[in-house]
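Let's take a walk through this model together. Have the sequence and the 3D view open side by side, and we'll go stop by stop.

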Amino acid sequence: MALNVTIHRILRHRRFLNSANSTLHLTNTRCFSHAPSPSPSQSSKANDKDPHSGSSSLKDNELAKFAAISDTWWDSEGPFKPLHLMNPTRLAFIRSTLCRHFKRDPYSTRPFERLKIVDVGCGGGILSEPLARLGATVTGVDAVEKNIKIARLHADLDPTTSTIEYCCTTAEKLVEEGRTFDAVMALEVIEHVANPEEFCKSLAALTNPDGATVVSTINRSMRAYATAIVAAEYILHWLPKGTHQWSSFLTPEELAMILHRAGINVEEMAGFVYNPLTGRWLLSDDISVNFIAFATKSQNAI
Amino acid sequence: MNRLVKRSVSNFFALKLPSKSLCTGVVKVPGSNVAEILNENEKKENTTSNSIQQYDIAIVGGGMVGMALASFLASMPMTKQLSVAIIDSNPALSGSMSIKKEDPPDPRVSTVTPATISFMKDAGAWKYVEQNRHAYFDKMQVWDYTGLGYARYNARDVNKDFLGCVAENKVLHSALLSCIQDSDFKRTIYPLRLNSMTLNRSSMSVVEENMSSRESSSAQGQCARLQLSDGNSIYAKLVVGADGGKSRVRELAGFKTTGWNYSQNAIICTVEHPSENRCAWQRFLPTGPIALLPIGDKFSNIVWTMSPTESNQRKSITEEEFLKDVNSALDYGYGPHPTSSLSGTRDLFSWFQMDSTVSANESFEVPPKITKLASERMVFPLSLRHANSYASKRVVLIGDAAHTVHPLAGQGVNLGFGDAYSLSRIIAEGIALGTDIGEVNLLKKYEAERKPANISMMAILESFQKAYSVDFGPFNILRAAAFHGANYIPPLKRTIISYASGEQNFPVFL
């Protein structure tokens with residue numbers, strides 16, 4: 001199967017319109033590094049339709065919605081608040097598993113020094129920035145250009161995070177460019193992808209031998225239907241209706257299997273549990289709704 | 001319950017702040033205008049913008065609680081690499097003033113609970129306190145003017161060696177300062193006052209401004225900017241308001257407060273007595289409680305709450321007359337001693353005999369007679385104040401800036417130390433997970449941890465204050481019953497001691 005797959009959607013998590021038929025044609029391979037953009041007029045005045053993106057298939061109203069919502073990425077009280085609240089919990093898992101795997105001092109303030117990490121589907125950079133603060137050399141990729149712009153601008157506000165490299169591209173394109181990383185993060189992405197198995201193959205190709213792959217997603221269980229779809233979308237309005245399709249969720253076993261087929265072995269799994277009374281997320285053994293998997297590529301793999 | 005005067009040194013200086021502040025150009029305007037004004041100033045000062053110092057944390061107020069936060073941060077591996085600016089115009093912070101043992105005792109003292117002592121031991125500051133005058137006490141006696149009941153507490157009721165320790169504020173402060181000076185913690189002390197502060201409320205509005213101007217100084221866009229009284233500015237990722245009851249940070253950041261002034265003042269002074277004192281005494285009088293706290297070497301501290309007119313009068317009378325008043329207030333003034341042989345009551349609680357506490361067997365003692373006044377008399381107004389929230393983006397309040405309470409239980413500064421400890425742990429957790437320390441979700445965790453504990457303590461102290469200001473027959477009997485209950489029901493007594501010692505955050509009777 002060709003690696004150049006039309007991906008149905010690779011989005012960052014919340015608040016993006018789910019128009020079921022829109023597809024992103026990934027002919028757009030402009031890679032925005034952290035060098036300043038050539039002229040102010042090209043950097044979009046927030047609401048203009050971006051002339052360069054291959055998102056001509058995206059309707060104007062979708063872009064406008066993206067534009068309006070993208071600004072709220074970093075508003076911690078805004079629509080992305082649940083993601084901001086979940087972020088420390090994800091980072092706790094990542095920190096402990098990566099420190100153990102790469103034999104780093106867990107009491108250091110920058111344990112990821114000299115590690116190259118790619119954040120696939122980085123959105124506004126909510127995961128990329130803390131990883132950079134922990135010392136990693138971070139590359140953030142997202143297929144939505146607006147997200148990359150927002151991520152770049154926000155990262156430039158702090159000298160520690162301004163070293164992050166943001167690219168508007170996909171995992172497949174990075175594989176084609178031959179890039180590899182010590183750790184590959186694909187958090188809350190795989191449930192939006194058209195072909196999870198191919199996606200996992202790309203993630204495996206991006207990982208160095210003896211490197212780490214971390215994937216998080218939502219379990220395809222009855223409980224997840226009740227919480228992540230009914231409660232989150234229809235009752236609490238954390239996500240717009242239709243953000244997630246229950247049928248595209250993966251069970252932990254399925255995820256482990258497709259990762260294994262791609263040459264990556266899951267070593268550890270944990271779940272995220274939300275306590276509605278305290279409003280906090282906790283790491284737990286309960287993988288029936290949100291779960292995260294830490295996997296490694298064997299040393300002898302190509 | 002024992003008393004204290006919860007004055008931090010910086011609070012004293014805060015009283016001298018001019019009421020009109022000089023804004024050096026940047027006006028704090030709500031909304032996105034702030035970002036535009038900030039950017040204009042940045043353009044003007046582009047040449048000097050590189051010389052504006054940037055810190056991770058700016059602690060405004062270098063009193064006991066502010067310095068406690070700095071020393072807790074200095075003692076933890078996750079946070080000791082942070083750069084901290086301490087803004088306080090108190091000359092004691094320059095470290096040049098040392099405390100000599102022969103100095104007369106300062107009337108401003110605080111009672112530190114065992115919980116606070118353990119925080120300070122963790123940070124390595126307690127050993128400095130022990131080098132100066134301090135007094136552990138292991139007994140406490142509380143009674144009132146009606147003579148209907150009393151309660152005695154003993155550290156051995158909870159299998160401890162002491163109930164708390166009383167030390168002068170300057171001793172505690174210099175201990176914390178020495179602890180910080182010991183470590184190679186990056187701190188800079190600014191002997192200035194804070195004039196104004198600019199906080200970037202909406203980071204994206206700054207971003208949009210920068211998109212058109214593309215300045216390299218946008219790297220400071222994420223920080224709060226503090227203008228100091230000498231005209232200079234500093235940047236900080238997080239501003240901590242530890243500047244006391246009349247907090248300037250709280251005012252500038254727009255935190256609303258709830259509270260009221262008690263129509264009471266407290267007189268504090270140091271007195272001398274012929275024999276050693278290892279007990280904390282508190283007697284509730286109709287106008288307010290009087291407390292006698294040991295501070296070491298035959299000295300004790302008096303904290304006497306009364307109406308403002310009485311306090312002004314007692315401040316100006318002669319030393320002899322004042323001592324007579326004090327002795328009478330502690331002894332036979334206003335009412336009789338409680339009777340110590342309460343065989344009837346003992347039978348009532350006889351089912352607790354198996355579990356009885358050491359102090360239940362102790363009889364009522366008369367406090368030591370005061371022979372000399374050893375310091376000037378100081379008068380402070382009392383009030384209750386609580387900030388409605390402790391944290392917003394890039395700003396957080398600790399100590400008296402967040403809450404002020406009545407001194408009747410000696411809890412004020414201990415709540416502040418608890419705040420400092422909790423905030424330091426939350427910051428360490430944030431750094432471990434790569435969080436931006438000024439992020440509001442992180443600071444809200446600190447608020448969620450401390451606010452309920454502080455509010456429940458304030459509610460209890462407030463109810464005590466109200467309960468003891470009423471002189472009404474049946475009410476007095478109720479209070480006497482409460483004394484007996486506290487004295488003779490061991491689980492209740494242990495809970496009270498444990499809660500007052502800071503071991504428990506909530507007085508849940510379990």
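Start with Lys103(A), which sits in the loop between helix H2 (81-101) and E1 of chain A; helices (H or I, at least four residues) and strands (E, at least two) are DSSP runs, numbered from the N terminus. This is a predicted model, in which local features need pLDDT of at least 70 and side-chain atom pairs count only at pLDDT 80 or more, while totals for chains, interfaces and linings use all residues. Residues are numbered from 1 along each chain as its sequence is written, chains are lettered from A and ligands numbered from 1 in the order in which they are written, and side-chain values use heavy atoms, with hydrogens and water left out.

Back to the backbone of that loop. Most residues other than glycine have a negative phi. Lys103(A) is not a glycine, yet its phi is positive, at about 55°. With 73% relative accessibility, Lys103(A) counts as exposed, where exposed means over 50% relative accessible area, buried under 20%, and partly exposed in between (1.4 Å probe, protein chains only). Arg114(A) lies in the loop between H2 and E1 of chain A, and its phi is positive too, near 70°. Arg114(A) also counts as exposed, at 65% relative accessibility.

Follow the chain into strand E1 (residues 116-120) of chain A and the setting changes. Four of the five residues of E1(A) are buried, so the strand is largely enclosed by the rest of the structure. From E1(A) the chain crosses through helix H3 (residues 128-133) of chain A to E2(A), in a β-α-β crossover that is right-handed; that means that, with the strands pointing away from the viewer, the path from the first strand over the helix to the second runs clockwise. What joins E1(A) to strand E2 (residues 137-142) of chain A? Five bridges do, and the two strands run parallel. Strands count as paired if DSSP finds at least two bridges between them. E1(A) also pairs with strand E4 (residues 181-187) of chain A, in the parallel sense, over three bridges. Asp119(A) is a handy residue to click on here: its bridge partner in E2(A) is Gly140(A), and in E4(A) it stands opposite Met185(A).

Now overlay the annotation. UniProt (unreviewed entry) gives "binding site" for Arg90(A), Gly121(A), Asp142(A) and Leu187(A); UniProt positions are in the numbering used here, feature names are shortened, and annotations may be inferred rather than shown by experiment. Gly121(A) has its place in the loop between E1 and H3 of chain A, and it is buried, with a relative accessible area of 1%. Asp142(A) belongs to strand E2 of chain A, and it is buried as well, at 0%.

For the last stop in chain A, look at helix H7 (residues 222-235), where Tyr234(A) is found. Tyr234(A) is partly exposed, at 44% relative accessibility. Together with Met222(A), Tyr225(A), Val230(A), Ile235(A) and Leu236(A), Tyr234(A) makes a nonpolar surface patch of about 610 Å².

Over to chain B. According to UniProt (unreviewed entry), residues 55-331 and 374-454 of chain B carry the feature "domain: FAD-binding". In the model, residues 374-454 of chain B are 44% helix and 21% strand, and their end C-alpha atoms lie 34 Å apart. The same kind of record, again an unreviewed UniProt entry, places "transmembrane region" at residues 57-76 of chain B. That span is 60% helix and 20% strand, with its end C-alpha atoms 15 Å apart.

Charged pairs come next. Side chains of opposite charge can pair when their charged atoms come close. A salt bridge here is a side-chain nitrogen of Lys or Arg within 4 Å of a carboxyl oxygen of Asp or Glu, and the count comes to 30 over all chains. One of them links Glu168(B) and Lys170(B), at 3.8 Å, N to O. Glu168(B) is buried at 2% relative accessibility, whereas Lys170(B) is partly exposed at 27%. Both belong to a network of salt bridges with Arg133(B) and Asp297(B).

Finally, Lys466(B) forms a salt bridge with Glu462(B), the closest N and O atoms being 2.8 Å apart. Both lie in helix H14 of chain B, four residues apart, about one turn of the helix. Lys466(B) is partly exposed, at 41%, while Glu462(B) is buried, at 12%.

Terms used. Patches are made of residues with over 30% relative accessible area and no salt bridge: like charges are joined within 9 Å, nonpolar side chains (Val, Leu, Ile, Met, Phe, Trp, Tyr) within 5 Å. Accessible areas come from the Shrake-Rupley method with a 1.4 Å probe; for residues, only the protein chains shown count as cover.
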